[in-house]
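Here's a quick briefing on how two parts of one chain sit against each other, and on the charged pairs involved. Have a look at the structure first, then read on.

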Amino acid sequence: MSFVKTVASAAILAAAATAADARDQIRIVGSSTVFPFSTAVAEQFGRSTDFQTPVVESTGSGGGLKLFCAGVGTEHPDITNASRRMKAKEFKLCTDNGVTEVTEAIIGYDGIVIANAKGGPVLNVTREQLVTALAAQGPLPEMWSDVDPSLPAIKIEVLGPPPSSGTRDAFEELVMHEGCEGAGIACEGITIREDGAYIEAGENDNLIVSKLEANPNAIGVFGFSFLDQNSDVLQGSSVDGVEPSFDNIADGAYPVSRSLYFYIKNAHVGVIPGLQEFADEFMSDAAAGEEGYLVDKGLIPLPEDEFETISGGVKSLTAMTGNEWN
């Protein structure tokens, strides 16, 4: 244990000894996409150990990292989930606030799907067509058929995540920035339109699912796991001719795929009961391995060698160095 971590842990212990609200329960914040996976691990952890079941909050990736990086102490979260990698500026926020040792873990992969309710029109799109439909700098079409005559003659109504969401960040990177050139729209400064065609539906992906059921012509943007868990009522759209399936995401064929993360505040390990044990459970074969219970919930598992490397880093609390973005 480093000197900095030792001092930080001692500070938490001192505060916990005098604070009436000292915690004996792990607090987790962050991504709505990772939320169901983290919740499943928390429930299993609560059932199978003597530790309390961790509290998991869905705040969005950006919101979770802001809370996580605000400081060290029992008033701050112990873990944050993210559906995209921590940004360099967020790492700096952490270090500026004394969160100097953070362990990063990739739990698996996920695809960002374009989906609507079964019974609605089947929408097979390219990333270029999505850019044309949704770019604020584009032609601002009203109907999908205005984008391309092969698409259905229905109003463009896309329910998606807000700017605080890692899914939104990944959608902008993997769709808007990858498809802009082919769409003939300037890539620099490209943004999603704000005239009502794209509707920010909050961080609750389950709410998006219920809204899609109520309006089969509306399209939703969310993680593959929510499509997988609601396949009785939802249908996914092909993107660039590739269906959003488990196998297509796992082998990289589906073009809108990303990694899922969680981050551990190392200074809280040994202070908040069960924190190391919970992280180890999350990165265990039984949970995130190829036959783990998270796969049943839609997680696309890591290749075995990568999984072993990352789970080993969690066990040893290997801290980020700040060179991850170089």
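Let's start with one charged pair: in this predicted model, the side chains of K87 and D169 form a salt bridge, 3.7 Å from N to O. The two residues are 82 apart, with K87 in the loop between strand 3 (79-82) and helix 4 (88-96) and D169 in helix 7. K87 is partly exposed because its relative accessible area is 32%, while D169, at 18%, falls under the 20% limit and so counts as buried.

**The two domains**
- The chain splits into domain 1 (27-109 + 258-316) and domain 2 (110-251), and their contact draws on 24 residues from domain 1 and 20 residues from domain 2.
- Measure from C-alpha centre to C-alpha centre, and domain 1 and domain 2 are 27 Å apart.
- Between them the domains bury about 1,500 Å², with 52% of that on carbon and sulfur atoms.
- On the domain 1 side, S32, R258 and I300 account for 39% of the area buried against domain 2, more than any other three residues.

**What crosses the interface**
- There are 3 salt bridges between domain 1 and domain 2, and 9 residue pairs are in polar contact across the interface.
- Helix 2 (35-48), helix 3 (61-68), strand 4 (102-117) and strand 9 (257-265) each give two or more residues to the side of domain 1 that touches domain 2.
- Helix 3 has the largest share of that side, with 3 residues.
- Sort that side of domain 1 by class and you get 8 nonpolar, 11 polar and 5 charged residues.

**Helix 7**
- T167 sits in helix 7 (residues 166-183), and its relative accessibility is just 3%, so it counts as buried.
- Setting aside neighbours within four places in sequence, T167 touches T33, S83, I112, P161, F222 and R258.
- R168 pairs with E200 in a salt bridge at 3.7 Å, N to O.
- That pair also links distant parts of the chain, with R168 in helix 7 and E200 in strand 6 (residues 198-200), 32 residues apart.
- R168 is buried because its relative accessible area is 7%, whereas E200 is partly exposed because its value is 46%.

**The salt-bridge picture**
- The salt-bridge count comes to 12.
- One of them joins E90 and R84 at 2.7 Å, N to O, and both of these residues are buried.
- Which residues end up in one network through shared partners? They are R84, K87, E90 and D169.

Notes: Residues are numbered from 1 along each chain as its sequence is written. This is a predicted model: local features need pLDDT of at least 70, side-chain atom pairs count only at pLDDT 80 or more; totals for chains, interfaces and linings use all residues. Side-chain values use heavy atoms; hydrogens and water are left out. Domain bounds come from an automatic or database domain assignment. Contact means heavy atoms within 4.5 Å. Buried area is the accessible area (1.4 Å probe) that two parts lose on being put together, summed over both. A salt bridge is a side-chain nitrogen of Lys or Arg within 4 Å of a carboxyl oxygen of Asp or Glu. A polar contact is a pair of N or O atoms within 3.5 Å; within protein, one must be able to donate a hydrogen and the other to accept it, and residues adjacent in sequence count only if both atoms are side-chain atoms. Helices (H or I, at least four residues) and strands (E, at least two) are DSSP runs, numbered from the N terminus. Ala, Val, Leu, Ile, Met, Phe, Trp, Tyr, Cys and Pro count as nonpolar, Asp, Glu, Lys and Arg as charged, and the others, Gly among them, as polar. Buried means under 20% relative accessible area, exposed over 50%, partly exposed in between (1.4 Å probe, protein chains only).
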